[in-house]
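Here is a short set of exercises to work through with the model open beside you. Try each task first, then follow the solution step by step.

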Amino acid sequence: KLVYDGEVRIFENPAALKRAFVVYETERAGSYIEAQEIAAQNALSLEHKAVVEDPAALFAGKGSYTASFKGYEPNRVELAVESDSAGLLVLTDVYYQGWRAFVNGEEAKVFRVNGLVRGVAVGKGKSTVVFSYFPLSFKVGLLISLSSVVICLFLFFGFKEKQRHGR
């Protein structure tokens, strides 16, 4: 179905995965490459079964859910999830180290799902899930930048003080 016809043409893809969904069945892979291969073979069932590398993300069951976005920013995503049993919330944004997840305010492990996207375990009932991006590289860069500013200020004012006493 054509949804926009202007400077470009945009078509709706009714077979595309939702941006966020809960799966109740997972399969284990030995690496992210193997996970991608298994996921590619099962592309039509990805909304119902996920491939994970971490045994802590293994689920085997059934259930139903609702998931809605409460906020979506480049470094923060918030979702409201309600599930009738424990499962794996899959967010179809690319997995990258540095993302942290909080489920009902408690930090939770972010899993690589299908070798490509990220997910987090959710329990039965209502959950507020927040993904936030604050990588170690940013923290180190911030520390180096602040240290550089302090050193520059020290050198500048130390030089000015030396000039004043030297005259």
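**Exercise 1. Find the residue of β12 that is the bridge partner of arginine 112, then describe how β12 is paired and how enclosed it is.**

Step 1. The bridge partner of arginine 112 in β12 is arginine 118. Strands here are DSSP runs of E with at least two residues, and helices are runs of H or I with at least four, numbered from the N terminus. Before going on, note that this is a predicted model, in which local features need pLDDT of at least 70, side-chain atom pairs count only at pLDDT 80 or more, and totals for chains, interfaces and linings use all residues. Residues are numbered from 1 along each chain as its sequence is written, and side-chain values use heavy atoms, with hydrogens and water left out.

Step 2. That bridge belongs to an antiparallel pairing of strand β11 (residues 111-113) with β12 over three bridges; two strands pair if DSSP finds at least two bridges between them.

Step 3. β11 and β12 form a hairpin, with three residues between them. Asparagine 114 lies in that loop, and its phi is near 55°, a positive value in a residue other than glycine. Asparagine 114 is buried, with a relative accessible area of 11%. (Buried means under 20% relative accessible area, exposed over 50%, and partly exposed in between, using a 1.4 Å probe and protein chains only.)

Step 4. β12 also pairs with strand β8 (residues 87-94), in the antiparallel sense over six bridges. In this pairing, leucine 88 has alanine 121 of β12 as its bridge partner.

Step 5. Five of the six residues of β12 (residues 117-122) are buried, so this strand is largely enclosed by the rest of the structure.

**Exercise 2. Which residues touch the most other members of the largest nonpolar core?**

Step 1. Start from the criterion: a nonpolar core is a set of buried Ala, Val, Leu, Ile, Met, Phe, Trp, Tyr and Cys residues joined through side-chain atoms within 4.5 Å.

Step 2. The largest core has 16 residues, and those touching the most other members are Leu79, Val81, Leu89, Val120, Val129 and Phe131. Two or more residues of this core come from each of β3 (20-23), β7 (76-83), β8, β9 (99-103), β12 and β13 (125-133).

Step 3. A second, separate core has eleven residues, including Ala50, Val52, Ala57 and Leu88.

Step 4. Now take valine 129 from the larger core. Leaving aside neighbours within four places in sequence, valine 129 is in contact (heavy atoms within 4.5 Å) with Val77, Glu78, Leu79, Val81, Leu89, Phe102, Val103, Val120 and Val122.

Step 5. Serine 127 is placed in strand β13 and counts as buried because its relative accessibility is 6%. With neighbours within four places again left aside, the contacts of serine 127 are Leu79, Ala80, Val81, Val103, Asn104 and Val122.

**Exercise 3. Is alanine 57 buried or exposed?**

Step 1. Locate alanine 57 in the loop between β5 and β6 (65-73).

Step 2. Its relative accessibility is 0%, so alanine 57 counts as buried.

Step 3. Beyond the neighbours within four places in sequence, alanine 57 is in contact with Thr26, Val52, Leu88 and Phe111.

Step 4. Alanine 57 and arginine 112 are 55 residues apart in sequence, while their C-alpha atoms are 9.4 Å apart in space.

Step 5. For a contrast, look at alanine 15 in the loop between β2 (9-11) and β3. At 69% relative accessibility, alanine 15 counts as exposed.

**Exercise 4. Which residues line the largest cavity?**

Step 1. On a 1 Å grid over the protein atoms alone, a cavity is a set of points where a 1.4 Å probe fits but cannot get out, and lining residues have an atom within 4 Å of a point.

Step 2. The structure holds one cavity of 30 Å³ or more, and the largest cavity has about 40 Å³ of space. Such a volume is the space filled by probe spheres set on the grid points, which are joined across faces, edges and corners.

Step 3. The lining consists of Glu27, Asn42, Ser45, Leu46, Lys49, Ala50 and Val51. Strand β5 (residues 49-52) gives the most to this lining, with three residues.

Terms used
1 Å grid on protein atoms, 1.4 Å probe; cavity = no way out; pocket = protein on both sides within 12 Å on 5 of 7 lines; lining within 4 Å.
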